[in-house]
Amino acid sequence: MQCTLCSEHSEFYCADRKRSYYRCLTCDLVFADPDSLIAETDEKAIYDFHENDPYDERYRQFLSQLSEPLLTKLKKGMRGLDFGCGPGPTLNLMLEEQGMQVELYDLYYYPDKAKLQQRYDFVTASEVVEHFAHPARSWQQLFSLIKPASWLAVMTSLNELKTTASFKNWNYKNDPTHVSFYSRQTINWLAERYQADYEIVNGRVMLFRC
C-alpha cells in the first residue's frame, strides 16, 4: 500500500470492525484504508451535528490550547486564515478579540476558494488534518497559504500509542471522518519536507514556521 502522505511503502497495521489501517515505514503516518472512506455527503452530515457554539466557554477553552501559544508569536493587525473552520466558527473570533484579522475557509460551510489564492501571516487548522483523505495534497495546500517566516498552527490528537492493541482501543480513530493519524515522527517528516521549524505544545498543537 502506498502512503497517502509521502508515497512510500506502507504496511498493514491493524483492523477494527469497520475498517483497516496502514502504517508508513517512512513518515510513520497511520491511515485508514482509502477504500473505506465515506462519501462527502455522509461526511458533511456528520459535521452538521457538531455543536460548535462560539459562546460556549468550554469550547473556547479547548481552542485556547491553540490560540494562546499562537498569539505569543503574532503582532496585532496580522491577517490570518482559519482553514476548516466548520459550521460554528469560533477560533477566528478569539483571535480577532486579540487584534488579529481572520478570514474563513471550509470545504462545506465557507467554500470561497478565492481565500485559498492568498497568503497570510498565519493559518490555523484546528481538528482538521485528521480528516485529510489526501494528506500529501492537503498539507501542501496548507503550507502554500503562509507567507515566508509566517506561522501554521495545527491542532490534532497525536498518535503516541505503542501497540496496535492500544490503537484499536483509541477512541479518536473511531470517528469515521478521522482518517489520518500523525505521530511525532510524522510531524518531524512534515517539517523536513517543508523546511520548517516547529514546536509541539501540550502534545497536540504544532506551530510550524517556514
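This is a short tour of the open and enclosed spaces in the structure, with a stop at one histidine along the way. Keep in mind as you click around that the model is predicted.

**Stop 1: the largest pocket**

Start with the largest pocket, which holds about 1,200 Å³ of space. Its lining counts 45 residues, so don't try to pick them one by one; select E43, Y47, V128, H131 and F132, the closest to its centre. Now colour the elements that give two or more residues to the lining: α1 (40–47), α2 (57–71), β4 (79–83), β6 and α4. Which element gives the largest share of this lining? That's α1, with 4 residues. If you colour the lining by class, you should get 23 nonpolar, 13 polar and 9 charged residues.

**Stop 2: H131**

Stay where you are and select H131, one of the residues closest to the centre of the largest pocket. You'll find H131 in the loop between β6 (120–126) and α4 (135–144). Is H131 buried or exposed? With a relative accessible area of 16%, H131 falls under the 20% cut-off, so it counts as buried.

Next, show the neighbours. Leaving aside residues up to four places away in sequence, H131 touches E43, Y47, T177, H178 and V179. Two of these, E43 and Y47, you already selected at the centre of the pocket. Then add E127 to your selection: its backbone oxygen lies 3.3 Å from a polar atom of the H131 side chain.

**Stop 3: the cavity**

Now for a space of the enclosed kind. How many cavities of 30 Å³ or more does the structure hold? There is 1, and the largest cavity has about 40 Å³ of space. To see its walls, select T4, F31, A32, P34, L37, F132, A133, V179 and S180. Two names here may ring a bell: V179 is touched by H131, and F132 is among the residues closest to the centre of the largest pocket. By class, the cavity lining has 7 nonpolar and 2 polar residues, with no charged ones.

**Stop 4: the second largest pocket**

Finish at the second largest pocket, where about 170 Å³ of space lies. Select D16, R17, K18, R19, Y21, S36, I38, K173, N174 and P176 to light up its lining. What classes do these residues fall into? They divide into 5 charged, 3 nonpolar and 2 polar. Among the names to click on here are R17, K18 and R19.

Conventions
Residues are numbered from 1 along each chain as its sequence is written. This is a predicted model: local features need pLDDT of at least 70, side-chain atom pairs count only at pLDDT 80 or more; totals for chains, interfaces and linings use all residues. Side-chain values use heavy atoms; hydrogens and water are left out. Buried means under 20% relative accessible area, exposed over 50%, partly exposed in between (1.4 Å probe, protein chains only). A polar contact is a pair of N or O atoms within 3.5 Å; within protein, one must be able to donate a hydrogen and the other to accept it, and residues adjacent in sequence count only if both atoms are side-chain atoms. Contact means heavy atoms within 4.5 Å. On a 1 Å grid over the protein atoms alone, a cavity is a set of points where a 1.4 Å probe fits but cannot get out, and a pocket is an open set with protein on both sides within 12 Å along at least five of seven lines; lining residues have an atom within 4 Å of a point. Grid points are joined across faces, edges and corners, and a volume is the space filled by probe spheres set on the points. Ala, Val, Leu, Ile, Met, Phe, Trp, Tyr, Cys and Pro count as nonpolar, Asp, Glu, Lys and Arg as charged, and the others, Gly among them, as polar.
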